[in-house]
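Reader: Hello! Could you take me through this one and tell me how each term is earned?

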Amino acid sequence: MQVNGQAYRCIWLEDDGRRVGIIDQTKLPHQFVTQSLVTVDDAVLAISDMLVRGAPLIGATAAYGVCLGLVADCSDTRLDEVCAKLIQARPTAVNLRWAVEKMRTVIAPLPLGQRLARAYAEAAMICDEDVQVNESLGTHGMQLIEKCRKDDGQPVNILTHCNAGWLATVDWGTALAPIFKAHEAGIPVHVWVDETRPRNQGAHLTAWELAAAGIDHHLIVDNAGGHLMQHGKVDLCIVGTDRTAANGDVCNKIGTYLKALAAMDNAVPFYVALPSSTIDWTSGNGTEIPIEERAEDEVLLVSGKGMDGVIHQVRIAPDQTRAANPAFDVTPARLITGLITERGTCPASRDGLLSLFPEHR
Ligand code: MRU
């Protein structure tokens, strides 16, 4: 995707062939800052502090994190240590485990002298694959938007939650990929962007991406979606997922479930866009998915640009108030109209997923 006329992916190998470049997403939308990761600990911190976030990008960063961890020592002990460090960085997005295990499977059988080069090659492949897969699910998802196209030329109104745009992946995004594709194809679209408390990924990231792409959108508070659906102002919802259970239950950013309930009550189609790397075939249903609990300060403090142009943090609750901060929730498959994958769209069910991915039978 383009930033100020320059093409960017969200993660890249720096010119020295060792360090890994990322966009520091904690600074957006007010500052566009890139950073180099040098050690595996840098990669772990980038993931846990959410400089990079979004399930596919977390996976890609972990893959390069394995490389960084092996630069000085490629032994089996070190490989185990590095993989363990990365896997515990965040618990919910299954792409993290998926990418680390993919790296380990490729590297472990090799002689020590071949491991590092192969690790970097595999991480690059994981990134390239992510781009292709997301572009492909974007094309499938665009067909669903096309079906909602209106004869009078009015835009198709799409509600999305959190950020599942290109910033959440290596490129293209998942839930936003169909929207970018539809916009490119000349289908008029308008996006309702949930602000997505507490980290405000909608306000900070999705709005920034849509503005940069010239896509019409409005930021809404997290509680507005149900009201808009009741008044016929949402044609479809598209969200991403951090982990999809084998039965089609979907775990995504906290608040997704409430949107799916409102969508069901108002007969608004509710789609989830996912690269197959977010399917956890070992989780039978959503209750088995670990839900990340994050720091209470994310709820108690809000940051933004002051009238002086400087980024400030302010406390929004009484000093003695404590906060709870579950970061994800599970939307049961019965509330989901369809799962948009790189191989097409299927019902949110075990049979639906297996019809597209029969190799997991
Ligand atoms: O906590 P985050 O910002 O990493 O959560 C991200 C989401 O919930 C996204 O919707 C999900 O990872 C899908 S991204 C393509």
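Author: Gladly. Of the 19 residues around the ligand, Arg53, Arg90, Gln201, Asn252 and Lys253 come nearest. This is a predicted model, where local features need pLDDT of at least 70 and side-chain atom pairs count only at pLDDT 80 or more, while totals for chains, interfaces and linings use all residues. Residues are numbered from 1 along each chain as its sequence is written, and side-chain values use heavy atoms, with hydrogens and water left out.

Reader: What makes a residue count as near a molecule?

Author: One of its heavy atoms must lie within 4 Å of the molecule.

Reader: How do you know that lysine 253 has a polar contact with the ligand?

Author: A polar contact is a pair of N or O atoms within 3.5 Å; within protein, one must be able to donate a hydrogen and the other to accept it, and residues adjacent in sequence count only if both atoms are side-chain atoms. A side-chain N or O atom of lysine 253 is 2.7 Å from a ligand oxygen, so the pair meets the cut-off of 3.5 Å. For the side chain of arginine 90 the distance is 2.9 Å, and a backbone N or O atom of alanine 55 also lies 2.9 Å from an oxygen atom of the ligand.

Reader: How much of the ligand does the protein bury?

Author: The protein buries 100% of the 420 Å² that the ligand exposes when taken alone, using Shrake-Rupley areas with a 1.4 Å probe.

Reader: Why is the ligand said to lie between domain 1 (2-130) and domain 2 (140-360)?

Author: Because both domains give residues to the shell around the ligand; the bounds come from an automatic or database domain assignment.

Reader: What kinds of residue make up that shell?

Author: There are 7 nonpolar, 8 polar and 4 charged residues. Asp, Glu, Lys and Arg count as charged, Ala, Val, Leu, Ile, Met, Phe, Trp, Tyr, Cys and Pro as nonpolar, and the others, Gly among them, as polar.

Reader: What is the omega of the cis bonds at proline 29 and proline 198?

Author: Omega is about 10° between leucine 28 and proline 29, and about 5° between arginine 197 and proline 198.
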